[in-house]
Amino acid sequence: MSSIPIGRSKNARNTRLQNFFLRVFLVCIVLNVLIQVSFHLHLDRYLSLASTSPVSSLTNQREENSAQSNSRKSTSHKSDWSSTSLHLQKQPDLKPYTFRKGLAEKALAEYGRESIFQPLRAYVEKQLNDTVPNTVDTGNLDDKRPKIKVGRPGRWYVPLPLREGRPEDLRMFDYGRKLKSCNDLPAKLPVDRGYGDHATSNVNNRLTYASGQLDMWEEAKEGCPVNADPFLPWVHDLFPDKTGSVVHFIAQNKRRCNSGKQHIKDILALQPQVTIMQPVSVQRIDEGTAQKLAPELWSPDDGSSNSTRYRLAPHEEADADAMFTRFICRFRAMDYSQSPPNLVNVGETLSTYPYNYEFVNYRKELGDLSMLTPKGKDNPMFWLSQLRFDCPVPDNGDLRSTIASGDGVLSDGTPSVYLDVVPIRTAPRYGKEMSYFTPDMAGDRLDQFFDKLEFSGLMKNNLAYTQDPKTIDRAENHPERLMKNGFDPWLFWGNRHVLPRIEASGRYENFPVCRHPGVGYTTSDDESTTKQGDTVSKKHKLTACLWAAASFTTRGNAEAVSNTQSRLIEWIEFHLMVGFDHIYVYDNSGAHTDETDLESTLFPRFLESEVTRIDWPSRVCNNNIPAHENTGERSSQYAAENSCRARYGPYTEWMASFDTDEYLIPMGRYNSMAEVVDDATKDGSQILTFRSTRASPLYSFMEPFHEHEMCGEESDPKCLRVKDDVLFAEAYNCDFDKSPKPEWSERAKKQLYRPEYVATHYVHYATVTKGLLQTKDEATRSGLSWTPAFHESRKVDRITDEINQAVMLHTKTTVPEYTVDWQERCKFGVTNKFGENCRVGFPWPDNDVGLEKKDANGFGYNCFSNQKLNDVWIPKLRDAIGKRNARVASLPSDAFKIVKKVKSSGKFCGFCKYKDASFDCNQRAAYLIKKNKISESKAKDLLLAEGNCIRQ
């Protein structure tokens, strides 16, 4: 029997002891895990029970939201509207989007456009239940003054009742029969019925929807859905930015289309058109929380839903990107990997504004000012005519790059990406007392103003409670309010107002996301942008926007104008000659006729590097004169200017919006308007203002006229007309007021402005500027004073020196009947009745008001001519027109027909050089087709092979 060593026996005992302690340790770990699991289950159960109480819901986020609130006091509002910071939440349930151009074109060839294209639709929701019926006071409708006896809004239900509608409650309208591809944008958007199909005149209209004389459902079907659902924006244009990260929307405020007392019920129904200009704040919540807070809301029977859920929430609890929003933006795109291709959800975002409209309204004047009144006489507030908002594009796979490159638009114009816009519906806010700000904007307490509108106390005595007021507890269970006064979201929204799912919400569905307007341009946002000192290099230095038509009628249908085409040619030639780089023509011909437009007037005469035409057939919604009881609203013109500023403003240093009868003339030592704006930039000017007075035609350029009922007979003509072979700038070089023009002429001023500084321009005025948008916090940090009421300084907005810098000549057409009895009215010493003044120009010799008062025929001198225009610019203009005519004459006889065919198949480049001569690419292609008798595609290949084509 062998013996066991002593050392081994000790080792065995040690091993048994170690195993014992190891087992004890493992048991402790297991017990600890069980205790932790049990604790968290108990905690989750406790929090779940707590969250079933709306008042105490989401309390566990208080500390996080409090920290966010502290940072938001200085960062929540950005007045730098050109560089909005976006905070987008990832949506983990979405498959990364992929796009392959070849696969998409193959699918188009195999399945056809009809299987891929998604038609634009509007889903109309019933009226929001936000006020007690029949409690609105419309004030004194016979008093035209916009701020006197404006009435009182209906009593608000507080908190706002839930929207419990179902998908089957919505009425759907399809616009695919008109808007069939990206080639139809923006002309075929559902703005109105179109030429010849309107249900009523836009002059002296007395028909209303409320009376039943007009059918809002028929209007929604044939034209525009906004009267049927006024929370839908009246969209006139949309386009993505160059980076593919944002889609811009251009809309108008349709409530402004009528202001007459016979339209008051329609005006009240359209209040949401202003509401959607007022931001709201929301918080994203999960499905479980949504069901607990608002179980009444519709849910799909199978429980499936891939959309995000939201609740109206105060700034203190809102998501960082949801502090100032109004629309849910749902993006969908074609998945070409499926057979057939299928539309898939690629992400949701929340809309942003380029600036806060409510803050703009707050700073417009010192007294109280409301974005709307029940009386509806809000038209003088021009800054509320135009609505712009943006939908951030989700950062999902290839989505942004597909939009930025334009590859998502297939060869026939079919888009691959679509966008749904879902309004968040609330009651409107009235007066400055109800402004919804954060402390960085105007301080943590809004100033009190003289209550001229009699809106004081609306948040106390204009309420109808939908629950016991004592249960609306805001103090103990939620973060402290950032603002000490102003709009109270807890009172008006409550703490359980969950938004309905998208499927049960009124909305636009399938806005096509097409190409951005700036291919080949450089902007301040581009990495490739070069800087020289403080100057950012851009595509253009000076451009102009022009809203024009081949024929039209003036306000009140007072005059029918048909000389636009000849005017347009001269106007463009003149302004290209004096230093404008590019002219953007918004062609409104389609609103007046279906027989012609300005395409053949512009091309091939002008190069596409000089002129861009945008088809813009939307009608002016109200063409009454300004003094009419139902004040005019030239919606189409305002939207065109808004679109031009948003589309092309980022690519130019200076911009202007003018009419074809307004000429900017460089004066003094200046030889071009480019030199004028160069010096203005050095001086720190952001806006150049031109005073305007109306010129009259010179007698020496007129001839007798009788072909009007007021103008006599052929043997005895009573009127005069301008001769056909005379330039407009030459014929109307006769201004009744000598430069510098009187102060009163600033009422009809026009402006050159820097788009980087002017956010919105309204025909005559810069209505929203960077100075206006400066917050109190920004001013304080910059060491500047700040007051609630803002006024632009003359250093920023300069009136031009008309003698030494530049002057505007307003050559508005004088129709022959305005010159009736001119031989009597123009005689020296005659005292004419009001409205019967001499409308024919007899210029003072050498512009000197001397002893001589009349000419040899006894006609009194009455106007002043611009000598530099006569001596320098008119000869140059004649020469430029002559050269242009010669170039056009050298083109093939069917050049326009060929160019139009080439252009209709898609612009493939802007301009090129061949043998040192500049050519429009489409004109060069047309020339090659004609000369070589080759196909269009072969001509394009040859043109690109020449190697000098600049893509645009």
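In this predicted model, Glu641 is found in helix α16. With a relative accessible area of 5%, Glu641 lies under the 20% limit and is therefore buried. Beyond its neighbours within four places in sequence, Glu641 is in contact with Ser657, His761, Tyr762 and Val763. The last of these contacts joins distant parts of the chain: Glu641 and Val763 are 122 residues apart in sequence, yet their C-alpha atoms are separated by 7.4 Å.

The sheet that helix α16 meets is a good place to continue. It is an open sheet of three strands, arranged in the order β4-β5-β10 with antiparallel pairing. Strands β4 (234-240) and β10 (386-392) form its edges; each has a single partner strand, so one side of each is left without a neighbour in the sheet. On average, and with direction ignored, neighbouring strands of this sheet are turned by 20° against each other. The antiparallel pairing of β4 with β5 (residues 246-252) runs over six bridges, and within this pair Asp237 stands opposite Ile250 of β5. Helix α16 (residues 635-648) packs on the sheet and touches β4, β5 and β10, with its direction at about 160° to that of β5. As a general reminder, strands of a sheet pair through backbone hydrogen bonds, in either the parallel or the antiparallel sense.

Attention now turns to β28 and its partners. Strand β28 is covered on both faces: Lys750 and Leu752 are buried on one side, and Gln751 and Tyr753 are buried on the other. This arrangement can be read alongside a familiar rule, namely that side chains in a regular strand alternate between the two faces of the sheet. Strands β21 and β28 run antiparallel and are joined by two bridges, with Met655 having Tyr753 of β28 as its bridge partner. Strand β23 also pairs with β28 in the antiparallel sense, here over four bridges, and Leu688 stands opposite Leu752 of β28.

Strands β21, β23 and β28 come up again in the surroundings of helix α17. In this helix (residues 673-682), Met673, Ala674, Val676, Val677, Asp679 and Ala680 are buried. Their cover includes β16 (540-548), β21 (652-658), β22 (662-666), β23 (687-690), β28 (750-753) and β32 (806-810). The spacing of such positions can be considered with helix geometry in mind: an α-helix has 3.6 residues a turn, so residues three or four places apart point the same way. The N-terminal end of α17 is capped by Ser672, which places a side-chain oxygen 3.3 Å from the backbone nitrogen of Ala674. Just after the helix, Gly684 adopts a positive phi of about 85°.

Two further buried residues deserve a look, one in a helix and one in a loop. Thr402 belongs to helix α10 (residues 399-405). Its relative accessible area is 5%, and Thr402 is buried. A polar atom of the Thr402 side chain lies 2.6 Å from the backbone oxygen of Asp398. Apart from neighbours within four places in sequence, the contacts of Thr402 are with Tyr97, Phe99, Asp407 and Gly408.

Glu610, in turn, sits in the loop between α15 (599-602) and β20 (611-615). Its relative accessibility is 16%, and because the limit for a buried residue is 20%, Glu610 counts as buried. With neighbours within four places in sequence set aside, Glu610 is in contact with Leu576, Asp581, His582, Ile583 and Arg884.

The interior also contains empty space. In general, such space is revealed by rolling a probe the size of a water molecule over the atoms. The count comes to ten cavities of 30 Å³ or more, and the largest cavity holds about 420 Å³ of space. This largest cavity is lined by 27 residues, of which Thr200, Tyr209, Lys254, Arg619 and Cys621 are the closest to its centre.

Finally, some totals place these details in the context of the whole chain. The chain has 24 helices and 35 strands, and 55% of its 952 residues are buried. Of the contacts in the chain with a separation of 6 or more, 79% are between residues 24 or more positions apart.

Methods: Residues are numbered from 1 along each chain as its sequence is written. This is a predicted model: local features need pLDDT of at least 70, side-chain atom pairs count only at pLDDT 80 or more; totals for chains, interfaces and linings use all residues. Side-chain values use heavy atoms; hydrogens and water are left out. Buried means under 20% relative accessible area, exposed over 50%, partly exposed in between (1.4 Å probe, protein chains only). A polar contact is a pair of N or O atoms within 3.5 Å; within protein, one must be able to donate a hydrogen and the other to accept it, and residues adjacent in sequence count only if both atoms are side-chain atoms. Contact means heavy atoms within 4.5 Å. Two strands pair if DSSP finds at least two bridges between them. Axes are lines fitted to C-alpha atoms, for helices over the stretch in contact, and angles run from 0 to 180 degrees between N-to-C directions. On a 1 Å grid over the protein atoms alone, a cavity is a set of points where a 1.4 Å probe fits but cannot get out, and a pocket is an open set with protein on both sides within 12 Å along at least five of seven lines; lining residues have an atom within 4 Å of a point. Grid points are joined across faces, edges and corners, and a volume is the space filled by probe spheres set on the points.
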